[in-house]
Amino acid sequence: MQNFTFFNPTKILFGRGRIADLAKEIPAGQRVLITYGGGSVVANGTLAEARAALSHAAVTEFGGIEPNPSFETLMGAVQLARETRSEFILAVGGGSVMDGTKFIAAAVPFPGEDPWDLVTRKAPVQAALPFGVVLTLPATGSEMNSGAVITRKSLGAKLAFGSPLLFPRFSVLDPTKTYTLPPRQIANGVVDAFVHTVEQYLTFPTYAPVQDQFSESLLRTLIDVGPITLREPLQYEARAAFVWAATLALNGLIGAGVPQDWATHMIGHELTAKFGLDHAQSLAVVLPAMLEERFEAKRDKLVQYAERVWNLREGDAETRAHQAIRQTRAFFESLGVKTRLTDYGIQASDIQGLVAALETHGMKALGEKKDVTLDVSRRVLERAL
Ligand code: NZQ
Ligand code: ZN
């Protein structure tokens with residue numbers, strides 16, 4: 001295990017009815033900006049519930065944060081927060097609203113001219129408004145981490161940034177608030193949490209049995225509860241396990257002290273920026289191709305993954321490892337998430353543009369060994385056709 005610092009200050013308020021706790025978490029009289037997305041929280045009553053719990057605060061609202069939140073939209077919220085002198089932000093929504101809120105929190109006190117510098121990491125985050133979360137979509141883990149992914153439409157760029165100042169103060173995880181998710185978003189959430197775990201687990205062996213077995217437990221849980229949640233959307237126990245698995249998949253715990261990959265995510269971001277794939281769709285396309293392309297480097301962990309996650313114990317190790325990759329693809333497809341570029345209308349002739357975008361964004365040495373060059377990324381995309 002490598003040396004590591006583990007820091008996670010986010011307080012979790014888990015379970016039915018926990019939105020009422022907002023009354024205790026946010027002091028009376030505080031000027032609060034509530035942020036939300038395209039209206040799902042209006043339609044299902046979650047926004048009204050949050051508002052009711054904040055009757056003791058001075059609330060302003062900013063809606064319209066879109067999936068893959070854009071700098072262009074978010075700057076409107078920055079302006080509103082400055083005008084209303086907001087002291088606290090409450091994000092009510094999924095990963096896009098949470099990530100957008102992290103950007104707003106950092107941009108409001110930013111003294112420089114262009115807050116985009118925070119996203120490109122030209123300028124460090126030196127201050128941020130405090131914020132909390134009411135989660136409505138289990139997927140990203142943004143509710144308990146300090147990262148965010150922001151799109152600048154005018155540049156066709158989707159970039160990740162983060163800061164220890166950008167952990168939520170608290171996150172309300174009420175599984176029943178996710179009941180109105182359509183099947184596509186449930187499936188997306190399962191795939192995203194699954195791939196987050198894989199990015200931190202399926203690298204090369206180091207002696208890290210705690211992290212490994214914790215990761216395997218998350219993966220097996222997602223394989224179990226994903227289909228149940230799709231089939232029986234109101235089944236509380238499965239939904240609750242899914243929510244908690246998604247949160248733990250990216251709150252720093254399983255990644256502490258172990259090598260991490262993230263090449264699938266970086267290539268996936270380009271697919272979303274250029275072709276508008278949902279985040280999880282992009283991962284479902286890239287991951288199986290990535291694992292096949294880098295089979296040799298990942299062989300030992302693939303064999304472990306095959307045995308412990310997919311219960312593949314018959315036949316030779318190499319065959320089992322390839323079978324595990326096939327089962328991963330089949331799992332995504334069984335949830336309804338397509339795994340080929342051509343399923344999304346992307347052709348071989350599009351690959352050059354994607355590789356060029358990776359180059360522009362400095363993604364030339366990805367992966368746990370920094371050996372995923374542009375050539376390797378190109379081969380991954382070719383395999384994904
Ligand atoms: O916008 P509304 O109307 O709210 O509808 C949303 C949106 O259309 C809908 N939705 C959310 N909760 C709902 C609901 N519909 C019905 N009932 C509910 N309870 O779902 C749609 C997708 O929402 P979005 O927030 O975009 O999805 P997700 O949570 O998957 O977030 C994706 C974003 O997070 C980033 C992705 O890149 C993408 O931009 N990520 C953030 C990470 C992080 N901060 O750590 C890590 C991830 O790898 C990821 O990159
Ligand atoms: Zn992700």
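A residue counts as buried under 20% relative accessible area, as exposed over 50%, and as partly exposed in between. By that rule Asn68, at 22% relative accessibility, is partly exposed. Keep the rule at hand, because it also sorts the other residues below into buried, partly exposed and exposed. The model you are looking at is predicted, and this briefing walks through its ligand, its empty spaces and a few residues to look up.

**Around ligand 1**

- There are 33 residues around ligand 1, and Gly38, Ser40, Gly95, Ser96 and Lys158 come nearest.
- Ser40, one of those nearest residues, has a side-chain N or O atom 2.7 Å from an oxygen atom of the ligand.
- The backbone takes part too: a polar backbone atom of Gly147 sits 3.1 Å from a nitrogen atom of ligand 1.
- Lys177 likewise uses its backbone, with an N or O atom 3.2 Å from a nitrogen atom of ligand 1.

**Cavities**

- Rolling a probe the size of a water molecule over the atoms shows where empty space is left.
- Searching the whole structure turns up three cavities of 30 Å³ or more.
- The largest cavity has a volume of about 40 Å³, and its lining includes Val198, Glu199, Asp261 and Lys298.
- Two elements, helix 7 (183-201) and helix 11 (279-293), give two or more residues each to that lining.
- Helix 11 supplies the largest share of the lining, three residues.
- Sorted by class, the residues lining the largest cavity are five nonpolar, one polar and three charged.

**The second largest pocket**

- This pocket holds about 160 Å³ of space.
- Among the residues that line the second largest pocket are Gln260, Asp261, Trp262 and Ala263, along with Leu366, Gly367 and Lys370.
- Asp261 is worth finding in your viewer, as it lines the second largest pocket and also appears in the lining of the largest cavity.
- The pocket lining has five nonpolar, two polar and two charged residues.

**Gln211, a residue in helix 8**

- Gln211 belongs to helix 8 and has a relative accessible area of 7%, so it counts as buried.
- Its side chain reaches the backbone oxygen of Ala256 at 2.8 Å.
- Leaving out residues up to four places away in sequence, Gln211 touches Met1, Leu253, Ile254, Ala256 and Val258.

**Pro233, in the loop after helix 8**

- Pro233 is found in the loop that runs between helix 8 (209-231) and helix 9 (236-249).
- With a relative accessibility of 33%, Pro233 is partly exposed.
- Neighbours within four places in sequence aside, Pro233 is in contact with Tyr179 and Arg239.
- For a sense of distance, Pro233 and Leu381 lie 148 residues apart in sequence and 34 Å apart in space, C-alpha to C-alpha.

**Two loop residues with positive phi**

- Which loop holds Asn68? Look between strand 3 (58-62) and helix 4 (71-83).
- The phi of Asn68 is near 55 degrees, a positive value in a residue other than glycine.
- Arg85 is not a glycine either, and its phi is positive at about 50 degrees.
- You will find Arg85 in the loop between helix 4 and strand 4 (88-93).
- Is Arg85 buried or exposed? Its relative accessibility is 56%, so Arg85 counts as exposed.

Key:
Residues are numbered from 1 along each chain as its sequence is written. Chains are lettered from A and ligands numbered from 1 in the order in which they are written. This is a predicted model: local features need pLDDT of at least 70, side-chain atom pairs count only at pLDDT 80 or more; totals for chains, interfaces and linings use all residues. Side-chain values use heavy atoms; hydrogens and water are left out. On a 1 Å grid over the protein atoms alone, a cavity is a set of points where a 1.4 Å probe fits but cannot get out, and a pocket is an open set with protein on both sides within 12 Å along at least five of seven lines; lining residues have an atom within 4 Å of a point. Grid points are joined across faces, edges and corners, and a volume is the space filled by probe spheres set on the points. Ala, Val, Leu, Ile, Met, Phe, Trp, Tyr, Cys and Pro count as nonpolar, Asp, Glu, Lys and Arg as charged, and the others, Gly among them, as polar. Helices (H or I, at least four residues) and strands (E, at least two) are DSSP runs, numbered from the N terminus. Buried means under 20% relative accessible area, exposed over 50%, partly exposed in between (1.4 Å probe, protein chains only). Contact means heavy atoms within 4.5 Å. A residue is near a molecule or strand if one of its heavy atoms lies within 4 Å of it. A polar contact is a pair of N or O atoms within 3.5 Å; within protein, one must be able to donate a hydrogen and the other to accept it, and residues adjacent in sequence count only if both atoms are side-chain atoms.
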